[in-house]
Structure formats: structure tokens, C-alpha cells
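This report describes a protein model, taking the sheet, the relation between the copies and one loop in turn.

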Protein chains: 2
Amino acid sequence: MSNDEYSLIYWPAIPGRGEFVRLLFEETGTPYSDVAKSSPQDAVSQILELNAAVDPISSGSNPSVNAPPILRHGSFVISQTPAILLYLAPRLGLSPPPTELAYHHLNAIALTLLDGFVAEVHDTHHPTDVSLTYEEQKPEALKRAKAYREKRIPKFLGYAQRVLDSKASGDGPWLYGDSLTYVDLVLFQCIHGTEFAFPKTIEELRKSGKYDAVFKLVDAVEERPNIEAYLASDRRAQYSNGIWRHYPELDEA
Amino acid sequence: MSNDEYSLIYWPAIPGRGEFVRLLFEETGTPYSDVAKSSPQDAVSQILELNAAVDPISSGSNPSVNAPPILRHGSFVISQTPAILLYLAPRLGLSPPPTELAYHHLNAIALTLLDGFVAEVHDTHHPTDVSLTYEEQKPEALKRAKAYREKRIPKFLGYAQRVLDSKASGDGPWLYGDSLTYVDLVLFQCIHGTEFAFPKTIEELRKSGKYDAVFKLVDAVEERPNIEAYLASDRRAQYSNGIWRHYPELDEA
């Protein structure tokens, strides 16, 4: 299985949750196929078929999935962003193995960041019904976004800053230990996306000086040669109508 | 470390996310301490202190935490429900070890169920601001609950039913393989709590016959001798103002 190609199945035309998976491949120079890029016209039908399938592929050892991102590795199929990251990271040298306690600590950090900067960001533009448009729930979105800007972003930035201040963070700019792990890539994407959605809010919080270690880490990831090259390439999708959307009225004080 | 006592730190007086951890201990007869039960008057201050701490305990190897449940095992501290379950389940015989692909499949199933029946249930009574009361966001809650009842509960019940129908589910009533794993306990608590919050909705869905394998699993877990004894004991908290709340108006068609 270790020689099998990795294959990412995700919605075309947005970075979205797929981005967390792509960043692991890109940072480590790992070859992967990406249906959203290689055949965007097939990606949606492939996802809808997988989401409805009792048995995702014929081997019979994979349980059904609910939503993308979905990773295939040989005959192995897995969904759920944090589960995909846990599977991949030790294989790509971005996490210690599961036999070490650090593996579990990294998982807890990733889960907390994804709660705060992915799930909750999506709720700012879809607070009452994910199957309706933003415009159909705008009054509620204004309320949810206000609470998110004023209370939730500072809460989760404060959490990330505390992790970076803790002894477990070690030397260097990274969240855990002395070298880069996948949770640094997770934090990078979380802040990068949230800054696209709420530029004024993030600018103000950056200037506050309370979260300097967080923004220093984001900058350090952005300067990694493979990440820098990736962000400049056409493999990196532009933000549009995905999780991180920019509605100026949701970013107003 | 394997001889160290497990210690759960969670809010007193509600089942909440702590329940997913308790069910693993109870099913396997594993001794554990539980500050919500042993000294409920200290639990809140202990949690607030841990949430604000840069270094949760003095050993320096644990990163900061954001919220309970928090598990201590010797000098090891970990937060985030799915991360706690992943740490505990193989140690308690409720999951294969991390070297097996099944370990990752179980994680994906647990994450999906917790998304659908914990995070989204909480949003039904707190759709715009988790720091305000339900009464302060009731109009928005009515909208969110309607979408949850009509679209989201069927979606996630459908997912669980598909997993049970898949070849990976094996023989017997369990989600994955031929014997009980921790994800069966997760599904049990998810449905048990959601049924408390939305009794009419769940009753109707149960009667539809579309999700028979899901409800059969819930019944099978409830009949496990250790679980049955636990549910009848005073160690099991009553539902109140936690994640799963019963507001009759949110359960009306």
C-alpha cells in the first residue's frame, strides 16, 4: 500500500476542507491525484455517487462515507478531514507515530482549530440552514458573524497563542515540538482562510499584539519553499463560495 | 502509565460530551474518577483554570486545552472528545490498534456522528451566539431546528444506516466488524440524546422503517449488562440544560 498513489476527492473550484489534505502533500512533495483539478467536470458526480454508496468501493472493507474530502490510497478509502490527516501525517513525516503520546496531542490541536476556524466560519454565512443560500439567512448571519468576530475568533486565537506559549510547543515557531508538523499547516490554512473572510477583523487582531506567535507561525508556513510555490501555482484554488467567503457586511463592526 | 487511573474532567449536572468518555469506561468496567460526580462543586473552577492555563499540568509535555471533556491519565492530559476516544478505545479493547486501517475507519465514523448529533444539535438552541441564552435567539432557533429536523437528522440517520448496510459492518448489529466497538457507544449516545431533545421527530423516523438497523443497534447497546446498570445508576446524569435539551417548540412540525 505504501507505493499506491494518494488520490483526493473534493469539490472543484474552492480550497475548502480539501486544502488541509493538499497542504500535507505539497509541503512534503508527495505525488497525489486531485479530481477537483484533473477533471473538475467529473468531481461533483463522483462525490455524489460516493456519498450515496453503501460500499464506497468494491473491496468491502470501507464503510460508507458522508461527505468529502475523501482520500483513496490503494483500496483504502477514508473521509473526514481530521481522520484523513491522522492517517496521512505519520506516513508523510508530519507527525510522530500513533505509539507516541504526541500523536494524540496533535490530533486534539487539529480538532480544536478545525472547530474554531472551519465549522464556525461556515456557520457565519449559514447559521440556520446549510441547504439555503446566504441571502436567505442574512439577518441571522449578521448576528452570528458579530458573535464570531467579537467572541469566537479571539477565543480560538487565544487558544492557539496559549499552545504556542506552552512548554510542549518547544523551540521555533511551531505549535508542538521543535519542528513543523501537520497542525502547523492546519493553523496556517485556518488563519489564511479566515483572513480572506474577515480581513478587517483579522487585521485588527493582528495589530493588537496579543497573538504575535500565531501570526508569526502563519508567516513561517507561508515562507516554506514548497508552500510558497504551491500558493503561487494554479493548483491552489481561489477562495469563492466555499467555507471562507468574503461578505463585507459580515466583517463590519 | 497503563496502571495509572483515568480521570475525567467535565461539567457537572449534564451528560454532555463527557458521556461519550464515560460509556467506554462503563461498558468495559474500567475504574475512573469523575470530578463532575465526586466533587461537582469543584468541577467548574477546575475546568476554568485548565482552560486558561498555558501548561495544563507541570510536566510540560501537554499542550494547552480549549474546553472539556479533558482526560488525565497519569501525567498525560488530552482534550477533544474524538481525540480522547481514539486514545482510550484501543487501550480498553473497544477498537483495533492504530496499526490497523479499521482504527482510522472507526475514527471517521465517530467524527461524522459527533458532527451530526452533537455539534448540530447544540446549534439548534444556540444558532447565533453560544454565549447568550436560548431565549435570546429563539426565532433563529426555530428556523435552525426546523432544518435540523427535516433535513439534517434524516441525512445523518441515513449515513448511519448505510454504514450498517455496508459490507464493512460485518455480522451482528454493530457499525463496523463483527463485535462492539466504541463507535457503537457513540451512536447510542447520539440517538439517545437526540431522542430526548426531539422525541416526536425521532419517533416518526423510527416508525418510517428506513433506519431499522440504527434503532436496533441503539436497543442492543442499551441492553448490554454494564450499560443497562450504568443507565439505571446515579452516575448517569439526567439531561437538562446541556447539548441535548427538550424545548417542545423546537420539536413541532
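Chain A holds an open sheet of 4 strands in the order 2-1-3-4, with mixed pairing. Strands (E, at least two residues) and helices (H or I, at least four) are DSSP runs numbered from the N terminus, and two strands pair if DSSP finds at least two bridges between them. Strand 2 (32–34) and strand 4 (76–79) of chain A are the edge strands; each has a single partner strand, so one side of each lacks a neighbour in the sheet. On average, neighbouring strands of this sheet are turned by 20 degrees against each other, direction ignored; the axes are lines fitted to C-alpha atoms, for helices over the stretch in contact, and angles run from 0 to 180 degrees between N-to-C directions.

The model is predicted: local features need pLDDT of at least 70 and side-chain atom pairs count only at pLDDT 80 or more, while totals for chains, interfaces and linings use all residues. Residues are numbered from 1 along each chain as its sequence is written, chains are lettered from A and ligands numbered from 1 in the order in which they are written, and side-chain values use heavy atoms, with hydrogens and water left out.

The table lists strand pairs from the two chains.

| Strand pair | Sense | Bridges | Residues standing opposite |
|---|---|---|---|
| Strand 1 (residues 6–9) and strand 2, chain A | parallel | 3 bridges | Leu8(A) and Asp34(A) |
| Strand 1 (residues 6–9) and strand 3 (residues 70–73), chain B | antiparallel | 4 bridges | Ser7(B) and Arg72(B) |
| Strand 3 and strand 4 (residues 76–79), chain B | antiparallel | 4 bridges | Arg72(B) and Val77(B) |

Strands 3 and 4 of chain B form a hairpin with 2 residues between them. In its turn, Gly74(B) has a positive phi of about 65 degrees.

A turn of 180 degrees with a shift of 0.0 Å along the axis lays chain A on chain B with an RMSD of 0.0 Å. This is the relation of a two-fold axis. The same surface serves both copies, as 100% of the contact residues of chain A recur in chain B. Superposition is by least squares on the C-alpha atoms of residues with pLDDT of at least 70 in both copies, and contact means heavy atoms within 4.5 Å.

Lys210(B) lies in the loop between helix 8 (199–207) and helix 9 (212–222) of chain B. Is Lys210(B) buried or exposed? At 58% relative accessibility, Lys210(B) counts as exposed; buried means under 20% relative accessible area, exposed over 50%, and partly exposed in between (1.4 Å probe, protein chains only). From C-alpha to C-alpha, Lys210(B) and Ala229(B) are 30 Å apart in space and 19 residues apart in sequence.
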